[in-house]
Amino acid sequence: MAVEEKPASGVRTKTNVMRHLINFGVNPAALAYAMTTLGSAMINNIFSFYYVKLFLNKYKISEGAFHQSQVVYMVWNAINDPLFGYLQDNSKVPCCSQRRLSILYGAPLYSLAFLLAWFPWRSYTPGDWLSGLHLMVALCAFDGMLTFVLLAQCALFAEISSHHQSRLRLVKYSQVASLIGSSSVLFCGVLSKNMEDFAAFQAFTVMVAILSCVCMLYTGLHSESRFDNKGSESDASGSVDQTSFSMLTTLTWQILTNRDFKLFVFMNFFQVFILAFFNNFTMIFAEHLIPPDVLPSLARSVMYGAGFICPQLLVLSCEKLLRGIGYYRIILFTFYMEAAMAAIMLALGPQHYYILASFLTVNMVIIQAAFSLFGLPLADIIDTDLQKYKRSSPLSSMVFGTNALFTKPAQSLAPMIVLNILNQFGYEQLKEAGRDSNPSALESLHGVMFYLVCLVPMCVAALQILAWRPFSIRSSHTVDIKYIDG
């Protein structure tokens, strides 16, 4: 009798916690979901913002080794998403098939992988081959664990509820969590003086890794999917051929033949590209195009932090718009706005430093804010796939993973292409000399940087408009429920 009381007591404790959360007006399911957003935002933003500058300027990696690492990363980045997606949707192993357990077991490894980049394996000399291997391992390890954990979270987004309003609540909670988590870039910049104090930077990353792990473990312990029992159900039905190659091919083909999915993937590829472009190079562009006497170090830290914090505030402020006109029109409007701002900045020229700083920051905000909404169209695509093929459970991880198969390479292509262009104009030689180098060569490099800052977002936005306009799922915000929860 005493042995049986322990689990009952544990269940009562968990129920009491949920009751207290509800009494405070907090939705337990949304909170559990958002805790992974909080943890991942802390480490993802720091990683994407600092790793390029760290390996180029501090570890002094050669251009060849940088490109080789990015190519390996691009291949691994594309392969691991559909691979993990298929495993999570079709595996009978609980740590893969149950979203909660995928996050629970993956979180510690995810946080450890984040730390790999910030600790050199030895004192690197310029062009050291080991720095290239270090970058390759750091990128692949971090992305592998990011994919395993966040695919499970993306699947939870589609599987916690099919109600549009419930999904908007998940977006709201997630944006609040991301707002808090994104402040890690601001605090990191202030405390480490934008990575000038490298020891302080390393200490801060360790602290952030621990905090992020704790946050994601909360999701692993408390989150639930409506389809958590799908593995046991498939076992009972005697499904033997579930993980065959032919099944994988069939399911992937069904996803790829969805017209809205293809349009979304094309548009999302360029969103990932432009997001990586600004995340990786905003700090470098600002240091070269805006004089330090115009924008001191503290102001730059605030500017960089705002680029990661303000997108969440923007999404939260647009909650009524999302309910009223839906994500389709809002996303389309951001593309028009990006193109217009880039055209105006190009016409004004690089000498307007404060406008240029505002342009860089606002671009980061709008692009990240729009990207934060992309879970909504993907969830709708998952719903239509579930209905069309009358599946017993949705292919949530596979849809997100197949999307990533085509869009993730943009994360590597952006830094590779931009760095190659910059090095054509002497960036590798001039980055150390700074403003003391040959004035004409520096002016030429700055001119190229300015044109990149303006023309890349302008062209990308134009392509995204062409891809997004034919997208047909536009009225999910007017539909209460598409299939019965449960």
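**Exercise 1. Aromatic pairs**

Count the aromatic pairs in this predicted model, then describe the pair formed by Tyr-110 and Phe-142.

Solution. The count comes to 28 aromatic pairs. In the pair of Tyr-110 and Phe-142, the centres are 5.7 Å apart and the planes stand at 40°. Planes under 30 degrees apart would count as stacked and over 60 as edge-to-face, so an angle of 40° makes this pair tilted. Next, place the two residues in the chain: Tyr-110 belongs to helix H5 (residues 99–115) and Phe-142 to helix H6 (residues 129–159). With their positions 32 residues apart, the pair links distant parts of the chain. Both Tyr-110 and Phe-142 are buried.

**Exercise 2. The surrounding cluster**

Which aromatic cluster includes Tyr-110 and Phe-142, and which residue lies over the face of Phe-198?

Solution. One aromatic cluster is formed by Phe-47, Phe-49, Tyr-50, Tyr-51, Tyr-110, Phe-114, Trp-118, Phe-142, Phe-198, Phe-201, Tyr-304 and Phe-308. Phe-198 is a member of this cluster, and Lys-58 lies over the face of its ring, 4.7 Å from the ring centre.

**Exercise 3. Cavities**

Find how many cavities of 30 Å³ or more the structure holds, and describe the lining of the largest and of the second largest.

Solution. Rolling a probe the size of a water molecule over the atoms shows where empty space is left. The search of the whole structure gives 3 cavities of 30 Å³ or more.

- Largest cavity, volume: the space amounts to about 1300 Å³.
- Largest cavity, lining: 49 residues take part, and Asn-44, Leu-146, Leu-150, Gln-368 and Phe-371 lie nearest the centre. H6 gives the most, with 10 residues.
- Largest cavity, character: the lining divides into 25 nonpolar, 21 polar and 3 charged residues.
- Second largest cavity, volume: about 50 Å³.
- Second largest cavity, lining: Leu-168, Val-171, Lys-172, Val-315, Leu-316, Glu-319 and Leu-322. Helices H7 (164–191), H12 (297–317) and H13 (319–348) each supply at least two of these residues, and H7 has the largest share, with 3 residues.
- Second largest cavity, character: 5 residues are nonpolar, none is polar and 2 are charged.

**Exercise 4. Cysteines**

How many disulfides are there, and why does Cys-213 form no bond with Cys-215?

Solution. The count comes to 0 disulfides. A disulfide needs two cysteine sulfur atoms within 2.5 Å. The cysteine sulfur closest to that of Cys-213 is in Cys-215, at 9.2 Å, so it is too far for a bond. As to surroundings, Cys-213 is buried at 13% relative accessibility, whereas Cys-310 is partly exposed at 31%.

**Exercise 5. Positive phi**

Where in the chain are Lys-60 and Asn-194, and is each buried or exposed, or in between?

Solution. Most residues other than glycine have a negative phi. Lys-60 has a positive phi, near 55°, and Asn-194 likewise has a positive phi near 55°. Lys-60 is in the loop between helix H2 (28–58) and helix H3 (63–90); Asn-194 is in the loop between H7 and helix H8 (198–222). Lys-60 is partly exposed because its relative accessibility is 31%. Asn-194 is buried because its relative accessible area is 9%, under the 20% limit.

**Exercise 6. A contact across the chain**

Locate Ala-379 and state how far its C-alpha atom is from that of Phe-157.

Solution. Ala-379 sits in helix H15 (residues 375–388). Its relative accessible area is 0%, so Ala-379 is buried. The C-alpha atoms of Ala-379 and Phe-157 are separated by 7.4 Å, although the two residues are 222 residues apart along the chain.

How values were computed
Residues are numbered from 1 along each chain as its sequence is written. This is a predicted model: local features need pLDDT of at least 70, side-chain atom pairs count only at pLDDT 80 or more; totals for chains, interfaces and linings use all residues. Side-chain values use heavy atoms; hydrogens and water are left out. Rings of Phe, Tyr and Trp (its six-membered ring) pair if their centres lie within 6.5 Å; planes under 30 degrees apart count as stacked, over 60 as edge-to-face and the rest as tilted. Helices (H or I, at least four residues) and strands (E, at least two) are DSSP runs, numbered from the N terminus. Buried means under 20% relative accessible area, exposed over 50%, partly exposed in between (1.4 Å probe, protein chains only). A charge sits over a ring if NZ of Lys or CZ of Arg is within 6 Å of the ring centre and within 35 degrees of the ring normal. On a 1 Å grid over the protein atoms alone, a cavity is a set of points where a 1.4 Å probe fits but cannot get out, and a pocket is an open set with protein on both sides within 12 Å along at least five of seven lines; lining residues have an atom within 4 Å of a point. Grid points are joined across faces, edges and corners, and a volume is the space filled by probe spheres set on the points. Ala, Val, Leu, Ile, Met, Phe, Trp, Tyr, Cys and Pro count as nonpolar, Asp, Glu, Lys and Arg as charged, and the others, Gly among them, as polar.
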